[in-house]
Amino acid sequence: AFALAESAGVGFAPVSIVIASGVIGALFFLSAGWPPLAKWRRSQWAQTGLVCALAYLLACTALHAVALKRVREFASARAISFTEIGALPQAPNFWIWDGLIRTSTGVYEVKEDLRGPASRDFDFFADSVPEKYLAAARALPQTQTYLWFAKFPFFTYAIEDGDPILYMRDLRFFSRRRGRMSGFTYRVTFDAEGRVVSAGMMRRNGR
C-alpha cells in the first residue's frame with residue numbers, strides 16, 4: 001500500500017507507518033501468546049478485519065460532512081467563487097482532511113485537523129499558462145478525458161529546449177517532494193507556432 005501511495009504521489013506520513021506496523025505486530029504477538037486469540041479461526045480474523053474496515057469507512061463518512069462544511073465556510077468567508085469543492089481524508093488518520101477549492105484562476109488547498117479549530121492557513125496553486133495554449137490543449141479529446149477525471153487541476157507553463165510545454169496536475173495526487181515528478185501529470189508540448197506536437201501522461205522517468 002505504501003509503494004502504491006508513493007507512486008501516486010500521496011505517500012503516508014512516517015509516524016502513520018510506525019503506528020500501523022506496531023498495531024499489526026502487536027496483533028500477531030497477541031494471537032500467538034494470548035489463549036483467547038490463539039484459538040480464533042481464520043474466518044474470525046477475517047470478520048474482525050471487515051468490521052474494523054467498515055468502522056473506519058463509517059467514521060470517514062460521518063466526518064466528511066464536518067470537513068466539507070469547514071471548507072465551504074473557508075470559501076464563503078473569503079468570497080471565493082469556485083467550480084469544484086471537496087474534502088479528502090488523509091489516510092490512515094481520519095481526523096486530517098485536505099480541503100480543495102477549484103476556481104477560475106487556480107486551486108486553494110486547506111489542511112483541516114478536525115480535532116482543533118478551523119484552519120486559516122492555505123496554499124494557492126495559481127494557473128500560469130497563456131490562454132492560447134490552454135485553449136488549444138482543452139480542445140484535444142484526450143485532454144478532455146483527463147480533465148473529466150481531474151477535478152482539481154492546476155495548469156503551469158514552461159519553455160523546455162525551446163518548446164512551450166503545458167503541465168496539468170491534479171492536486172489530489174500532487175507530490176511536493178523536490179526532485180520527484182508529481183503524480184498524475186499530463187503534458188502538452190507545442191511548437192513555436194503554437195501547434196500541438198504531443199500530448200499525454202508523463203511517466204516516472206519524466207517523459
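This passage describes the strand pairings of a predicted model and the surroundings of one helix residue, Phe74.

An open sheet is built from four strands in the order β1-β2-β3-β4, and their pairing is antiparallel. Its edges are formed by β1 (84-90) and β4 (123-126), each of which pairs on one side only. Neighbouring strands in this sheet are turned by 20° against each other on average, direction ignored. Within the sheet, β1 runs antiparallel to β2 (residues 93-102), and seven bridges join the two. One point of register is given by Gly86, whose bridge partner in β2 is Leu100. In a regular strand, side chains alternate between the two faces of the sheet.

A further antiparallel pair consists of β5 (residues 153-160) and β6 (residues 163-170), linked over eight bridges. Here Thr156 stands opposite Tyr167 in β6. The two strands β5 and β6 form a hairpin, with two residues between them. Asp161 lies in the turn and has a positive phi of about 55°.

Phe74 belongs to helix α4, which spans residues 42-77. What is the relative accessible area of Phe74? The value is 3%, so Phe74 counts as buried, the cut-off being under 20%. Leaving aside residues up to four places away in sequence, Phe74 touches Ile80, Ile101, Tyr108, Val110, Ser119, Arg120 and Phe122. One of these contacts, Ser119, is 45 residues from Phe74 in sequence. In space, the C-alpha atoms of Phe74 and Ser119 are 8.3 Å apart. Another contact of Phe74 is Ile101, a residue within the range of β2 (residues 93-102).

Conventions. Residues numbered from 1 in each chain as written. Predicted model: local features only at pLDDT ≥ 70, side-chain atom pairs only at ≥ 80, totals over all residues. Heavy atoms only, no water. Pairing = 2+ DSSP bridges. Axes fitted to C-alpha atoms, helices over the stretch in contact; angles between N-to-C directions. Buried < 20%, exposed > 50% of the residue type's maximum accessible area, 1.4 Å probe, protein only. Contact = heavy atoms within 4.5 Å.
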